[in-house]
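Pull the model up in your viewer and keep the sequence alongside. We'll walk through it one region at a time.

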Amino acid sequence: MAKRDYYEVLGIEKGASADEIKKAYRKTALKYHPDRNPDNKEAEEKFKEAAEAYDVLSNPDKRARYDQYGHAGMDGAGAGFGGFGGGFSMEDIFSQFGDIFGGGFGFGGGGRARQRTNRGSDIRVRVSLTLEEIANGVTKKLKLNKSVTCDACGGSGAKDASSRVTCSNCNGQGYVMQVQNTFFGRMQSQTVCPVCGGQGTVIKDKCTKCDGEGCVKSSEVVEFNIPAGVAEGMMITVSGKGNAARQGGVNGDLLVVIEEQADPRFIRDGANLIHNLTIPVTTAILGGEVEVPTITGKAKINITQGTQAGKVLRLRGKGLPAINSYGSYNGTGDLLVVVDIALPTSLNSEEKELVAKLSQQPHFRNPEKSNKQNIFERMKDFFN
């Protein structure tokens with residue numbers, strides 16, 4: 001298969017600066033790193049491809065030859081697999097580029113493979129919140145059935161300190177080297193040690209309580225904070241509160257998915273709240289003061305004379321906290337009060353006579369055009 005263009009591999013333009021090349025390589029290498037893609041051959045190949053591209057493009061001389069002659073200019077010039085000492089391995093990559101990853105991601109800069117650390121699985125839960133809790137933020141406590149660290153061995157899985165010894169198969173490296181003959185020559189790669197599972201040590205005598213696992217099934221009460229302004233479907237990560245890992249690894253996370261309880265008083269529209277207010281026809285005609293619910297209690301608003309059905313009254317700052325795309329607060333929404341008018345469904349003779357008299361008055365015979373607008377037209381005009 002023909003090699004891809006090195007600039008294409010890193011996703012950069014041909015005139016990219018040294019800093020842009022370095023940044024692009026770091027992003028690509030992190031994406032396809034073996035620890036993030038265990039047992040994924042395709043990701044491993046892309047990881048090696050990115051390292052090969054960086055080896056050429058980060059070197060001014062090699063880059064100049066490549067720009068002029070392409071891959072043909074790299075023959076015998078120390079690029080590609082030959083550029084890593086005749087064999088291409090993950091350890092070589094991070095040994096050569098330790099300045100980019102600080103020697104702390106995947107492999108150390110001194111040519112020693114990092115030991116693999118077990119990680120516990122995540123736990124996903126759904127938490128139902130009222131609008132009041134969403135408006136103010138809330139602290140929740142949940143009792144979870146999960147894996148917890150074994151208290152007898154402290155999570156090591158070993159009977160005592162002397163029961164964990166260096167793996168003789170990999171000499172504590174956590175990885176073993178494999179050499180394969182390929183079309184490009186002898187190719188060297190690393191695989192996780194099958195004996196210790198990448199940890200570099202093995203247990204000689206297991207803890208009797210957890211049988212060497214380092215964790216046991218139990219229940220735990222987890223307390224966590226939910227910030228104000230969250231919405232349906234949002235997920236909050238509580239680090240380290242998931243299942244405990246095997247043999248002293250890193251705990252998983254607790255993933256809290258937000259559910260929003262329906263509130264009969266309000267309809268939520270982002271940070272705004274909508275309340276449908278029904279008033280008597282007499283109040284709509286004569287005006288007056290009415291009470292409406294808010295997220296924190298109640299508020300009084302004035303209805304002006306001749307208020308039409310569908311009119312929207314805005315109470316600023318009476319909505320929910322607004323959160324922008326970066327997770328920061330961006331003010332508070334409003335409470336939008338949509339007015340509806342209740343008409344009597346049955347009248348006695350005296351009331352009918354009064355209505356009949358009103359219907360003959362000029363304002364009732366020739367209602368203004370705005371009276372004919374329905375609620376949907378008025379809402380559309382308001383928001384536009």
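How many disulfides does the structure hold? It holds zero, where a disulfide is a pair of cysteine sulfur atoms within 2.5 Å. Before going further, some ground rules: this is a predicted model, so local features need pLDDT of at least 70 and side-chain atom pairs count only at pLDDT 80 or more, while totals for chains, interfaces and linings use all residues. Residues are numbered from 1 along each chain as its sequence is written, and side-chain values use heavy atoms, with hydrogens and water left out.

Back to the cysteines. The closest cysteine sulfur to that of Cys 167 belongs to Cys 170, and at 3.8 Å it is too far for a bond. Cys 170 is in no disulfide either; for this residue the nearest cysteine sulfur is that of Cys 196, 3.7 Å away. Cys 167 is buried, with a relative accessible area of 1%, and Cys 170 counts as buried at 6%. (Buried means under 20% relative accessible area, exposed over 50%, and partly exposed in between, using a 1.4 Å probe and protein chains only.)

Now step along to Asn 171, in the loop between strand E3 (164-166) and strand E4 (175-182). Helices (H or I, at least four residues) and strands (E, at least two) are DSSP runs, numbered from the N terminus. At 60% relative accessibility, Asn 171 counts as exposed. Its phi is near 55°, a positive value in a residue other than glycine. Most residues other than glycine have a negative phi. Asp 211 also has a phi near 55°. You'll find Asp 211 in the loop between strand E6 (201-203) and strand E7 (215-226), and this residue is exposed, with a relative accessible area of 53%.

Next, the sheets. One is an open sheet of three strands in the order E1-E9-E8, with mixed pairing; two strands pair if DSSP finds at least two bridges between them. E1 and strand E8 (235-238) are the edge strands, each pairing on one side only. On average, neighbouring strands here are turned by 30° against each other, direction ignored. For that angle, axes are lines fitted to C-alpha atoms (for helices, over the stretch in contact), and angles run from 0 to 180 degrees between N-to-C directions.

Zoom in on E1, residues 123-129. This strand and strand E9 (residues 254-260) pair in the parallel sense over seven bridges. Arg 124 stands opposite Leu 255 in E9, and the bridge partner of Ser 128 is Glu 259. Which residues of E1 make up the covered face? Those are Ile 123, Val 125, Val 127 and Leu 129, whereas Arg 124, Arg 126 and Ser 128 make up the uncovered one. That's the usual pattern: in a regular strand the side chains alternate between the two faces of the sheet.

E1 also leads us to the largest nonpolar core, which has 35 residues; Ile 226, Leu 254, Val 256 and Ile 301 have the most contacts inside it. The largest share of this core, four residues, comes from E1. A nonpolar core, by the way, is a set of buried Ala, Val, Leu, Ile, Met, Phe, Trp, Tyr and Cys residues joined through side-chain atoms within 4.5 Å. Leaving aside residues up to four places away in sequence, Leu 254 touches a list of residues including Ile 123, Val 125, Phe 224 and Val 238, with contact meaning heavy atoms within 4.5 Å. Apart from the largest core lies another, of 21 residues, among them Tyr 7, Phe 47, Ala 50 and Tyr 66.

For a second sheet, look for the four strands in the order E10-E11-E17-E14, an open sheet with mixed pairing. Its edge strands are E10 (267-269) and E14 (312-315). Strand E11 (residues 272-280) and E17 run parallel, joined by eight bridges. One of the bridge pairs links Thr 278 to Asp 340 in E17.

Follow the chain out of E17 (335-342) and you reach Pro 344, in the loop before helix H9 (349-358). Pro 344 is exposed, at a relative accessible area of 52%. The C-alpha atoms of Pro 344 and Val 281 are separated by 8.4 Å, although the two are 63 residues apart along the chain.

Finally, a geometry check on helix H2 (residues 18-31). At 1.5 Å a residue, its 14 residues should span 20 Å, and the end C-alpha atoms are 20 Å apart, which agrees. The expected span is 1.5 Å times one less than the number of residues. Buried residues of H2 include Ile 21, Tyr 25 and Leu 30.
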